[in-house]
Amino acid sequence: MESVNFVYDLLGKNIVAYILLALLPMAFLLPYALVAILGELKISAWIQERLGPMRTGWKGVLQPIAEVVKLLQKEDITPAAVNKPLFNLAPFVMFAGAYAAYAVIPFSSKFVPVNINIGLFYVFAISAFGVIAIVMGGWASNNKYSLLGGMRAAAQMISYEIPIAVAILAIATLAGSLDMQEIIYQQGGGFWNWNIFGGPGSVTKIWVIPFTVTLFLIYFIGSLAETNRVPFDIPEGESEIVAGYHTEYSGMKFAMFFFAEYSNMFIVSAIITILFLGGWQSPFGDFLNGPVWQAFWFVSKAMLFVFLQIWLRWTLPRLRVDQLMYVTWKVMLPISFVAFFAVALCAMIK
Amino acid sequence: MLFDFVFYMFAVIVIVSAMGVVFSKKMMYSAFSLLFTFFGMAGLYVLLSADFVAVTQIMVYVGGILVLIVFGVMLTSKITGVDIKTGTIGKIQLTVGAITSVIVAIILLYTYLSVEWMTSQFQVEVPTTTHFIGFGLFTEYLLPFFVAAILILIAFIGAAKIARRK
């Protein structure tokens, strides 16, 4: 296999390169979080016919920096009755789980921190740390609302993992690989070859397009639930359980939960992009498809889905708990199975 | 060098957290210590070039079983957690426990000394194990695979039956 990593090309395979590779996603994540916070503030304002933050910088563009500074200097309160070790550990586990997923995200054909053959499976498995961290935080807060929030989050994330897993499995079957770079390479040559349009193939693949689009929608809906975003934010439903599992958190520890949520938003968007929208492939085939352009396409496509998540958050109401379980077990799961069999059939006859 | 360092790091994580599981007096601490044990085990699997097993370890044990354990503990005890008494053990438990530990220790020691261990080489680049696992499951180990599948199906049906009965 050819060299896939510009860091190895520059420095060779040594410990400096490894450390640099581990830190590079953070160099993306920090500016991304600022942009996403600003997006959240401004988009919510525009949807609600407000102006949003206007005073810090031009039209309020420096607002996220002000927010971060505010969070940094806030008092770090640990309530007296909480279980201290677990209460302090939970935000770190949450963030470690969220950041660990970046290890395999291919930003471009020349940059993926670690190119492992089971990248897709790894990202899916590592999200379990988020569930554990939320339950940990919810339990350690020693508060009924937090406990309820934590349990809701766990029940929801476990349920929605199943249709998501079926969608991932279907694409893995279609591509015949769990390697993200391999899946992306197969989708090269223009947007018509993306997996949402049935992957590469002749015109006869048209019949499978409705099924791949269905899987795409199922994955997107499921990913909203995985990141606890509206309409699936019952773990932190303000009107019922204050703020759910992070009710007792403040200052930097709250910020870490928040940061992990934003980083998860990007992760699921990136996975959608890789699975269905060609990852870093340019929509125009070989046109504008250099390594740097690829990073541009990848981030743009993923940011589109981040925007979509923010848009939905300020548009839709919250589901009830029973509706939530109804949607995943009785609607999404059967549909995803049917779509999976259709895609598997397509992969067989191809 | 790096290999050794990473190995000892994961080994320490596994041992310390496993001791945490056994010795902590709070049920919840044991459950969450298990998280680090599973994580360390996954790391050791990676060092043995068993990438698929490592990720499956995290997927199944952290994502499934540990969440269930934590749920079980949360649902069966008070919010503050129930204390497990480690101080009071009867004579019978002590005797049986001691004998079992000695037997297990002898077996482990004997295995350790008698088996010729194959050490994994860090530099060997194993392409992927997924292919071989899939191939093996559907050729040589087809029968155990299907038996396991049927077992899981039976468990599903049983669970549904128990849950339905009001």
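The second largest pocket in this predicted model has a lining to which both chains contribute: α5 (119-126), α7 (144-175) and α13 (321-349) of chain A, and α3 (51-76), α5 (130-138) and α6 (142-164) of chain B, each give at least two residues. The space in this pocket comes to about 2,200 Å³. Beyond pockets, the whole structure holds two cavities of 30 Å³ or more, and 30 residues of chain A are in contact with 29 residues of chain B.

**Second largest pocket**

- In total, 45 residues line the second largest pocket.
- Nearest the centre of the pocket lie F121(A), A165(A), V166(A) and L169(A) from chain A, together with F52(B) from chain B.
- By class, the lining of the second largest pocket has 32 nonpolar, 11 polar and two charged residues.

**Largest cavity**

- The volume of the largest cavity is about 270 Å³.
- Its lining counts 21 residues, and V123(A), S127(A), E226(A), I267(A) and V268(A) are the closest to the centre.
- Elements of chain A that each supply at least two residues of this lining are α4 (84-100), α5, α7, α9 (209-226) and α11 (251-276).
- The lining of the largest cavity divides into 14 nonpolar, six polar and one charged residues.

**Second largest cavity**

- The second largest cavity has a volume of about 60 Å³.
- Its lining is made up of M94(A), I134(A), M157(A), E226(A), T227(A), N228(A), Y245(A), E261(A) and N264(A).
- Four nonpolar, three polar and two charged residues make up the lining of the second largest cavity.
- E226(A) is listed among the residues closest to the centre of the largest cavity and also lines the second largest cavity.

**Interface of chain A and chain B**

- The two chains bury about 2,600 Å² between them, with 85% of this area on carbon and sulfur atoms.
- Zero salt bridges are found across the interface of chain A and chain B.
- Residue pairs in polar contact between chain A and chain B, with both residues at pLDDT 80 or more, also number zero.
- On the side of chain A that touches chain B, the elements giving two or more residues are α2 (15-47), α4, α5, α6 (128-140) and α7.
- α6(A) provides the largest share of that side, seven residues.
- The side of chain A that touches chain B comprises 25 nonpolar, three polar and two charged residues.
- α5 and α7 of chain A serve both the lining of the second largest pocket and the side of chain A that touches chain B.

Methods: Residues numbered from 1 in each chain as written. Chains lettered and ligands numbered in written order. Predicted model: local features only at pLDDT ≥ 70, side-chain atom pairs only at ≥ 80, totals over all residues. Heavy atoms only, no water. 1 Å grid on protein atoms, 1.4 Å probe; cavity = no way out; pocket = protein on both sides within 12 Å on 5 of 7 lines; lining within 4 Å. Points joined across faces, edges and corners; volume = space filled by probe spheres on them. Helix = DSSP H or I, 4+ residues; strand = E, 2+ residues; numbered from the N terminus. Nonpolar A, V, L, I, M, F, W, Y, C, P; charged D, E, K, R; others polar. Contact = heavy atoms within 4.5 Å. Buried area = accessible area lost by both parts, 1.4 Å probe. Salt bridge = Lys/Arg side-chain N within 4 Å of Asp/Glu carboxyl O. Polar contact = N/O pair within 3.5 Å; in protein donor to acceptor, adjacent residues only side chain to side chain.
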